[in-house]
Amino acid sequence: MQQMGAREDVTVGILALQGAFAEHQVMLQKLSVKRRIVIVLVRTEEDLHKCDALIIPGGESTTIALLARLAGLLGPLREFLKTKPVWGTCAGAILLAQSIEGAKKGGQELLGGISVSVGRNGWGSQASRIRNVVESFEAPLEVEGLRDSARPFHGVFIRAPVILALSPSPTDPPIQILSRISTSLLPQSQTLVPHDEDDTDPRDAGTVVALRQGRHLLTTFHPELTKDDRFHEYFVRECVLPSLV
């Protein structure tokens, strides 16, 4: 018999100001998890208050930040991050960082929430050499914790940020690295240690493309632009549902 007051659904918001929010919505609608997922496209503070968790999509980070400020959402988003799970993809990953290098003239407003510094569009020159498509490339990724984790995840990188440093304080939740990309795909200028035969050198933050810190998830690529729903399932299963207990 169902307990009085027990919840049967979980509400996941998608910040829908700019970028690939519709693609995230499609992926969430495909999921089969323990709870029914209610999706809210977040454009106002009222929308945000309905949510148990939030996804910040890829797009243009300065534009998303500007529109969030105009909508009166920057403060509410920062408060939301303190208590509820948030996942940032590409531009969303930039917004979740503590600091940024290579910001556009006039600076970049950040939400913070994850103890990393990032560089904007860090792989453009290398991407053009790999795929002959400026600032875009694709690569198979080994990802810890996904369903069927032995099967690579197809990483789609479009003007992707590069993680420059992991900098958790002693009071921050530890950072769990979920996926790295081979250093053979990275420009020399973006690695923090010399290239060698070890593609997973733990000192090289530049190889990290997916990580988790506490309730929060960060991916520098676009899982929503694939047909693979495993990252969305991971976020709901590992970050969102445990936060509701």
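## A walk through the model, starting at the binding site

Start by selecting Gly59, Glu60, Ser61, Arg120, Ile158 and Arg159, which UniProt marks as "binding site" in an unreviewed entry. These six stretch over 101 residues of sequence, yet no two of their C-alpha atoms are more than 12.8 Å apart, so they gather at one spot. UniProt positions follow the numbering used here, feature names are shortened, and such annotations may be inferred rather than shown by experiment.

A word on what you have loaded: this is a predicted model, where local features need pLDDT of at least 70 and side-chain atom pairs count only at pLDDT 80 or more, while totals for chains, interfaces and linings use all residues. Residues are numbered from 1 along each chain as its sequence is written, and side-chain values use heavy atoms, with hydrogens and water left out.

**Stop 1: the two arginines of the site**

Click on Arg120. You'll find it in the loop between strand 6 (116-119) and helix 6 (124-131). Helices (H or I, at least four residues) and strands (E, at least two) are DSSP runs, numbered from the N terminus. With 12% relative accessibility, Arg120 counts as buried. On this tour, buried means under 20% relative accessible area, exposed means over 50%, and partly exposed is in between (1.4 Å probe, protein chains only).

Now show the side chain of Glu60 as well: Arg120 makes a polar contact with the Glu60 side chain at 2.7 Å. A polar contact here is a pair of N or O atoms within 3.5 Å; within protein, one must be able to donate a hydrogen and the other to accept it, and residues adjacent in sequence count only if both atoms are side-chain atoms.

Next, select Arg159, in the loop between strand 8 (153-158) and strand 9 (162-166). Arg159 is partly exposed, at 35% relative accessibility.

**Stop 2: salt bridges**

Color the charged side chains for this one. The model has 11 salt bridges, each being a side-chain nitrogen of Lys or Arg within 4 Å of a carboxyl oxygen of Asp or Glu.

Zoom in on Arg147 and Asp229, whose side chains form a salt bridge at 3.3 Å, N to O. Arg147 sits in the loop between strand 7 (136-141) and strand 8, and Asp229 in the loop between strand 12 (216-219) and helix 7 (230-243), so the pair ties together parts that are 82 residues apart in sequence. Arg147 is partly exposed at 36%, whereas Asp229 is buried at 15%.

Keep both selected and add Glu233, Arg237 and Glu238: together with Arg147 and Asp229, they are linked in a network of salt bridges.

Step along to Asp228, which forms a salt bridge with Arg230, the closest N and O atoms being 2.8 Å apart. Asp228 is buried at 13% relative accessible area, and Arg230 is buried at 0%.

Then pick Arg151 and Asp148, another salt-bridged pair, at 2.8 Å from N to O. Arg151 is partly exposed at 38%, and Asp148 is partly exposed at 42%.

**Stop 3: backbone oddities**

Stay on Asp148 and check its backbone: phi is positive, about 55 degrees, although Asp148 is not a glycine. Asp148 is in the loop between strand 7 and strand 8.

Cys90 also has a positive phi of about 55 degrees without being a glycine. Look for Cys90 in the loop between strand 4 (86-89) and helix 5 (91-96); at 4% relative accessibility, Cys90 is buried.

**Stop 4: cysteines**

While you're on cysteines, select Cys51, buried at 0%, and Cys239, buried at 2%. Don't go hunting for disulfides (pairs of cysteine sulfur atoms within 2.5 Å): the count is zero.

**Stop 5: a strand residue and its contact**

Go to Thr219 in strand 12. Thr219 is buried, at 0% relative accessibility. Turn on side chains and you'll see a polar contact of 3.2 Å between Thr219 and Trp87.

**Last stop: a nonpolar patch**

Switch to a surface view and select Leu66, Leu67 and Leu70, which form a nonpolar patch with about 260 Å² of accessible area together. Patches take residues with over 30% relative accessible area and no salt bridge; like charges are joined within 9 Å, and nonpolar side chains (Val, Leu, Ile, Met, Phe, Trp, Tyr) within 5 Å. Accessible areas come from the Shrake-Rupley method with a 1.4 Å probe, and for residues only the protein chains shown count as cover.

Finish on Leu70, in helix 3 (residues 61-70). Leu70 is exposed, at 62% relative accessibility.
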